[in-house]
Amino acid sequence: MKKTLLLLSLAAFLVLGLSSAVFASGVVDLNKASAEEIAGIEGADISADLAKAIVDYRAKNGPFKSGDDLLKVPGMSNEAWQRLNPVEKDGSIVHDPDAEMTLAPSKC
(Lines give C-alpha, C1' and ligand atoms only; values in the text may rest on other atoms or scores of the structure.)
Protein backbone atom coordinates (compact mmCIF):
# COMPACT_ATOMS: atom_id res chain seq x y z
CA MET A 1 0.00 0.00 0.00
CA LYS A 2 2.79 2.41 0.93
CA LYS A 3 4.69 1.55 -2.27
CA THR A 4 1.61 2.23 -4.40
CA LEU A 5 1.00 5.58 -2.71
CA LEU A 6 4.65 6.50 -3.10
CA LEU A 7 4.63 5.56 -6.80
CA LEU A 8 1.45 7.54 -7.42
CA SER A 9 2.91 10.57 -5.67
CA LEU A 10 6.11 10.29 -7.68
CA ALA A 11 4.16 9.96 -10.95
CA ALA A 12 2.07 13.04 -10.15
CA PHE A 13 5.20 15.01 -9.30
CA LEU A 14 6.87 14.00 -12.57
CA VAL A 15 3.82 14.86 -14.67
CA LEU A 16 3.53 18.29 -13.08
CA GLY A 17 7.26 18.89 -13.19
CA LEU A 18 7.79 17.83 -16.79
CA SER A 19 5.30 20.32 -18.14
CA SER A 20 7.83 23.12 -17.77
CA ALA A 21 6.85 24.65 -21.12
CA VAL A 22 3.60 25.93 -19.60
CA PHE A 23 3.90 28.22 -16.62
CA ALA A 24 1.17 28.82 -14.04
CA SER A 25 0.49 32.30 -15.40
CA GLY A 26 -0.54 30.97 -18.82
CA VAL A 27 2.85 31.75 -20.36
CA VAL A 28 3.85 29.08 -22.90
CA ASP A 29 7.49 28.71 -23.94
CA LEU A 30 7.28 28.21 -27.69
CA ASN A 31 10.81 26.78 -27.70
CA LYS A 32 9.84 23.95 -25.34
CA ALA A 33 6.10 23.38 -25.68
CA SER A 34 4.70 20.26 -27.29
CA ALA A 35 2.29 20.51 -30.22
CA GLU A 36 -0.55 19.70 -27.81
CA GLU A 37 0.46 22.52 -25.48
CA ILE A 38 0.68 25.01 -28.36
CA ALA A 39 -2.68 23.93 -29.80
CA GLY A 40 -4.14 24.24 -26.32
CA ILE A 41 -3.20 27.90 -25.82
CA GLU A 42 -6.46 29.48 -24.73
CA GLY A 43 -7.73 32.11 -27.14
CA ALA A 44 -4.97 31.60 -29.73
CA ASP A 45 -7.02 29.23 -31.92
CA ILE A 46 -3.94 27.39 -33.23
CA SER A 47 -4.81 24.26 -35.21
CA ALA A 48 -3.19 20.93 -34.38
CA ASP A 49 -1.54 20.97 -37.83
CA LEU A 50 0.02 24.40 -37.28
CA ALA A 51 1.11 23.47 -33.76
CA LYS A 52 2.83 20.36 -35.17
CA ALA A 53 4.45 22.49 -37.91
CA ILE A 54 5.83 24.82 -35.20
CA VAL A 55 7.35 21.90 -33.28
CA ASP A 56 8.70 20.28 -36.48
CA TYR A 57 10.26 23.57 -37.65
CA ARG A 58 11.85 24.09 -34.23
CA ALA A 59 13.24 20.53 -34.24
CA LYS A 60 14.78 21.02 -37.68
CA ASN A 61 16.05 24.60 -37.29
CA GLY A 62 16.70 25.00 -33.58
CA PRO A 63 15.00 27.29 -31.08
CA PHE A 64 13.27 30.47 -32.15
CA LYS A 65 15.55 33.45 -31.54
CA SER A 66 12.89 36.09 -32.16
CA GLY A 67 9.13 36.17 -32.50
CA ASP A 68 9.55 36.91 -36.20
CA ASP A 69 11.17 33.48 -36.67
CA LEU A 70 7.71 31.95 -36.22
CA LEU A 71 6.66 33.54 -39.51
CA LYS A 72 9.07 31.13 -41.24
CA VAL A 73 6.96 28.15 -40.08
CA PRO A 74 5.05 26.67 -43.03
CA GLY A 75 1.37 27.56 -42.67
CA MET A 76 1.94 30.43 -40.22
CA SER A 77 -0.25 33.39 -41.18
CA ASN A 78 0.05 36.93 -39.84
CA GLU A 79 -3.26 36.37 -38.04
CA ALA A 80 -2.08 33.18 -36.30
CA TRP A 81 1.20 34.91 -35.43
CA GLN A 82 -0.69 37.80 -33.86
CA ARG A 83 -2.87 35.40 -31.84
CA LEU A 84 0.30 33.71 -30.54
CA ASN A 85 1.74 37.16 -29.79
CA PRO A 86 5.30 35.82 -29.45
CA VAL A 87 7.46 37.87 -27.09
CA GLU A 88 10.97 37.42 -25.74
CA LYS A 89 11.04 36.54 -22.07
CA ASP A 90 13.89 35.13 -20.02
CA GLY A 91 15.92 34.37 -23.15
CA SER A 92 13.19 32.44 -24.93
CA ILE A 93 10.21 33.15 -27.17
CA VAL A 94 6.91 32.75 -25.35
CA HIS A 95 3.20 33.29 -25.66
CA ASP A 96 2.29 35.56 -22.75
CA PRO A 97 -1.41 36.37 -22.51
CA ASP A 98 -0.60 39.47 -20.44
CA ALA A 99 1.98 40.89 -22.87
CA GLU A 100 1.16 43.94 -24.93
CA MET A 101 -0.09 42.93 -28.38
CA THR A 102 2.44 43.18 -31.19
CA LEU A 103 1.76 43.56 -34.88
CA ALA A 104 3.15 41.13 -37.42
CA PRO A 105 5.85 42.59 -39.63
CA SER A 106 4.66 43.80 -43.00
CA LYS A 107 5.40 41.53 -45.95
CA CYS A 108 5.60 44.52 -48.29
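Colleague: Which residues is I54 in contact with, leaving aside its neighbours within four places in sequence?
Modeller: This is a predicted model, where local features need pLDDT of at least 70, side-chain atom pairs count only at pLDDT 80 or more, and totals for chains, interfaces and linings use all residues. Residues are numbered from 1 along each chain as its sequence is written, and side-chain values use heavy atoms, with hydrogens and water left out. Contact here means heavy atoms within 4.5 Å. Skipping the neighbours within four places, the partners of I54 are I38, F64, L70, V73, M76 and L84.

Colleague: Which element gives the most to the largest nonpolar core?
Modeller: That kind of core is a set of buried Ala, Val, Leu, Ile, Met, Phe, Trp, Tyr and Cys residues joined through side-chain atoms within 4.5 Å; buried is under 20% relative accessible area, exposed over 50%, partly exposed in between (1.4 Å probe, protein chains only). This one has 23 residues, and I54 is among those that touch the most other members, along with L30, I38, I46, L70, V73 and M76. Two or more residues come from each of α2 (35–39), α3 (48–61) and α4 (78–84). With six residues, the top giver is α3.

Colleague: And in what order do the elements of the protein run from the N terminus?
Modeller: Helices (H or I, at least four residues) and strands (E, at least two) are DSSP runs, numbered from the N terminus. There are four helices and three strands. Read along the chain, that gives α-β-α-α-α-β-β.

Colleague: Which strands stand at the edges of the sheet?
Modeller: Two strands count as paired if DSSP finds at least two bridges between them. The open sheet has the order β1-β3-β2, with antiparallel pairing. Each edge strand has a single partner, so one side of each is left without a neighbour in the sheet; these are β1 (28–29) and β2 (86–89).

Colleague: How many bridges join β2 to β3?
Modeller: These two strands run antiparallel. One residue to look at is E88, which stands opposite I93 in β3. As for the bridges between β2 and β3, the count is four.

Colleague: Is H95 buried or exposed, and what is its relative accessible area?
Modeller: H95 sits in strand β3 (residues 92–95). Away from its sequence neighbours within four places, H95 has contacts that include G26, V28, L30, I41 and L84. Its side chain also reaches the backbone oxygen of L84 at 2.7 Å. H95 is buried, at a relative accessible area of 6%.

How values were computed
Polar contact = N/O pair within 3.5 Å; in protein donor to acceptor, adjacent residues only side chain to side chain.
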